[in-house]
Amino acid sequence: MPMSLSTPPLPPPPSLGPDYPRWSETLRDRSHVLIRPVTPQDRPAQRAFVEALSSQAQRLRFLGELGHPIERALERLVHVDYDHEVAFVAVVAEDSQQKIVGASRYSTDAQGLRCECSVVVAEDWRGKGLGTLMMRHLIEIARARGIRSMYSIDDAADRTMAELAVHLGFRSRTDPDDSHQVIHELEL
């Protein structure tokens, strides 16, 4: 679909090479996002994204582990070991910059057979299908890399993640180590 004249073009994304995919997606409300790998150059945009999340969204996404100073957390978010991790951001053009409106990632175990995943979407971008798209791309990459199962550990009160997990075919169970958490798992 052609971009409207009122929508400024996105600046070119940082390149990690031809093996790192990017997707241009149209969401349910017909808005457009670019989903691409995270790079260290995303640090300012990642900071703005995390700081714009509500305190509840921060707590649910990071399970209270965001920590302070935020600088340490930002380092982990933007410096990705793409051999054992995959991290994507969904970006839109805003004032000739890329604004992050969603983030997803996974990290494998030592054998590379299981991975823990996560996704978070900016409050004003929820309900448009972005979280589902980002997770589908993570699942696709994990399968292509031979990962056998994917899981996430979430707050048991997080209904949005529970609904997304069911929608994507994850099985859910209470965390045996913490009854306030749930483990969603998908066999790949």
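**Close-up views, one by one**

**View 1. S2 beside S3, and S2 beside S1.** Look for Ile-35 in S2 first: its bridge partner in S3 is Ala-90. The strands and helices here are DSSP runs numbered from the N terminus (helices are H or I with at least four residues, strands are E with at least two). This is a predicted model, with local features needing pLDDT of at least 70 and side-chain atom pairs counting only at pLDDT 80 or more, while totals for chains, interfaces and linings use all residues. Residues are numbered from 1 along each chain as its sequence is written, and side-chain values use heavy atoms, leaving out hydrogens and water. S2 and S3 pair in the antiparallel sense over four bridges; strands pair if DSSP finds at least two bridges between them. S2 also runs antiparallel to S1, joined by four bridges, with Val-33 as the bridge partner of Glu-25. Five residues lie between S1 and S2 in their hairpin, and Arg-30 in the turn has a positive phi of about 75°. Five of the six residues of S2 are buried (under 20% relative accessible area with a 1.4 Å probe, protein chains only; exposed is over 50%, partly exposed in between), so S2 is largely enclosed by the rest of the structure.

**View 2. The whole open sheet.** Its eight strands come in the order S1-S2-S3-S4-S5-S6-S8-S7, with mixed pairing. Strand S1 (23-26) and strand S7 (171-175) are at the edges with a single partner strand each, so one side of each has no neighbour in the sheet. On average, neighbouring strands are turned by 30° against each other, direction ignored.

**View 3. S8 with S6 and S7 as partners.** S6 (residues 149-155) pairs with S8 (residues 178-187) in the antiparallel sense over seven bridges. Ser-149 has Glu-187 as its bridge partner, and Asp-155 stands opposite Gln-181. S7 and S8 are antiparallel too, over five bridges, and form a hairpin with two residues between them. Here Arg-173 stands opposite Ile-183. Helix H5 (residues 159-168) lies across S5 (114-121), S6, S7 and S8, and runs at about 25° to S8. For such angles, axes are lines fitted to C-alpha atoms (for helices over the stretch in contact), and angles run from 0 to 180 degrees between N-to-C directions.

**View 4. Asp-158, in the loop between S6 and H5.** Asp-158 is buried, with a relative accessible area of 9%. A polar atom of its side chain lies 3.3 Å from the backbone nitrogen of Thr-160. Val-182 is 24 residues from Asp-158 in sequence, but 9.2 Å from it in space, C-alpha to C-alpha.

**View 5. The largest nonpolar core, with 48 residues.** A nonpolar core is a set of buried Ala, Val, Leu, Ile, Met, Phe, Trp, Tyr and Cys residues joined through side-chain atoms within 4.5 Å. Among the residues with the most contacts inside this one are Val-33, Tyr-106, Trp-125 and Phe-170. Elements that each supply at least two residues of this core include H1 (43-52), H4 (130-144) and S4 (97-108). Setting aside neighbours within four places in sequence, Trp-125 is in contact (heavy atoms within 4.5 Å) with residues including Leu-27, Val-33, Val-92 and Leu-130.

**View 6. The two faces of H1.** Ala-45, Gln-46, Phe-49 and Val-50 are buried. They cover an arc of only 130° around the axis (taken from the directions from the helix axis to the C-beta atoms), which puts them on the same side of H1. The face turned away from that side carries exposed Pro-44 and Ala-52.

Conventions. Polar contact = N/O pair within 3.5 Å; in protein donor to acceptor, adjacent residues only side chain to side chain.
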